[in-house]
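Student: I would like to go through this model with you, asking at each step how a term is earned.

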Amino acid sequence: QVQLVESGGGLVQPGGSLRLSCVASGIIFSFYDMGWYRQAPGKQRELVAVITSGGRTNYADSVKGRFTISRDNAKDTVYLQMNSLKPEETAVYYCNAVLQILGAHREYWGQGTQVTVSS
């Protein structure tokens, strides 16, 4: 059974920082591209950052220079360091795992962790 379990969300003041973690089980973690998405109330889910199995990273323009995605394959964990948070970044943040190889596609989602940026 595949599980992605996020943690690290919470309430933070504007300009503050949070570090999200996502621990994966039931998959060969190092094979998967890992991503963080977020969904604010009334809005579509959007990509925040992704890190490939090879370690390449990509970010939404809105978070470049403030957020950092990283992974620890020994711990089956992906992280999202978020700095200089803004109120409009209040959302549920979801962890995503994708494997696409030899025509096969596997994709999994975590349950999400709430991030609230407010004074």
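Tutor: Let us begin with a side chain: a polar atom of the side chain of Thr77 lies 2.7 Å from the backbone oxygen of Lys75.

Student: What makes the pair of Lys75 and Thr77 a polar contact?

Tutor: A polar contact is a pair of N or O atoms within 3.5 Å, where within protein one must be able to donate a hydrogen and the other to accept it, and residues adjacent in sequence count only if both atoms are side-chain atoms. The distance between the backbone oxygen of Lys75 and the side-chain atom of Thr77 is 2.7 Å, so the pair falls within the 3.5 Å limit. Please keep in mind that this is a predicted model, in which local features need pLDDT of at least 70 and side-chain atom pairs count only at pLDDT 80 or more, while totals for chains, interfaces and linings use all residues. Residues are numbered from 1 along each chain as its sequence is written, and side-chain values use heavy atoms, with hydrogens and water left out.

Student: Why is Thr77 called buried?

Tutor: The relative accessible area of Thr77 is 6%, and buried means under 20%, with exposed over 50% and partly exposed in between (1.4 Å probe, protein chains only), so Thr77 is buried. Leaving aside neighbours within four places in sequence, Thr77 is in contact (heavy atoms within 4.5 Å) with Ser21, Cys22, Val23, Phe29, Ser70, Arg71 and Asp72.

Student: Where does Thr77 lie, and in what order do the strands of the open sheet run?

Tutor: Thr77 lies in strand 8, residues 77-82; strands here are DSSP runs of E with at least two residues, helices being runs of H or I with at least four, and both are numbered from the N terminus. Four strands form the open sheet in the order 1-3-8-7, with antiparallel pairing.

Student: What makes strand 1 and strand 7 edge strands?

Tutor: Strand 1 (3-7) and strand 7 (67-72) each have a single partner strand, so one side of each is left without a neighbour in the sheet.

Student: How do you know that strand 3 and strand 8 pair?

Tutor: Two strands pair if DSSP finds at least two bridges between them, and strand 3 (residues 18-25) and strand 8 are joined by six bridges in the antiparallel sense, so the criterion of at least two is met. Within this pairing, Arg19 stands opposite Gln81 in strand 8.

Student: How do you know that Cys22 and Cys95 form a disulfide, and why is the disulfide left-handed?

Tutor: A disulfide is a pair of cysteine sulfur atoms within 2.5 Å; the S to S distance of Cys22 and Cys95 is 2.1 Å, so the pair qualifies. The torsion about the S-S bond of Cys22 and Cys95 is about -80 degrees, so the disulfide is left-handed. Cys22 in strand 3 and Cys95 in strand 9 are 73 residues apart, and the pair thus links distant parts of the chain. Cys22 and Cys95 are both buried.

Student: Why does Gln1 count as exposed, whereas Asp76 counts as partly exposed?

Tutor: Gln1 has 83% relative accessibility and therefore counts as exposed, whereas Asp76, at 28%, counts as partly exposed. Asp76 lies in the loop between strand 7 and strand 8, and has a positive phi of about 55 degrees although Asp76 is not a glycine.
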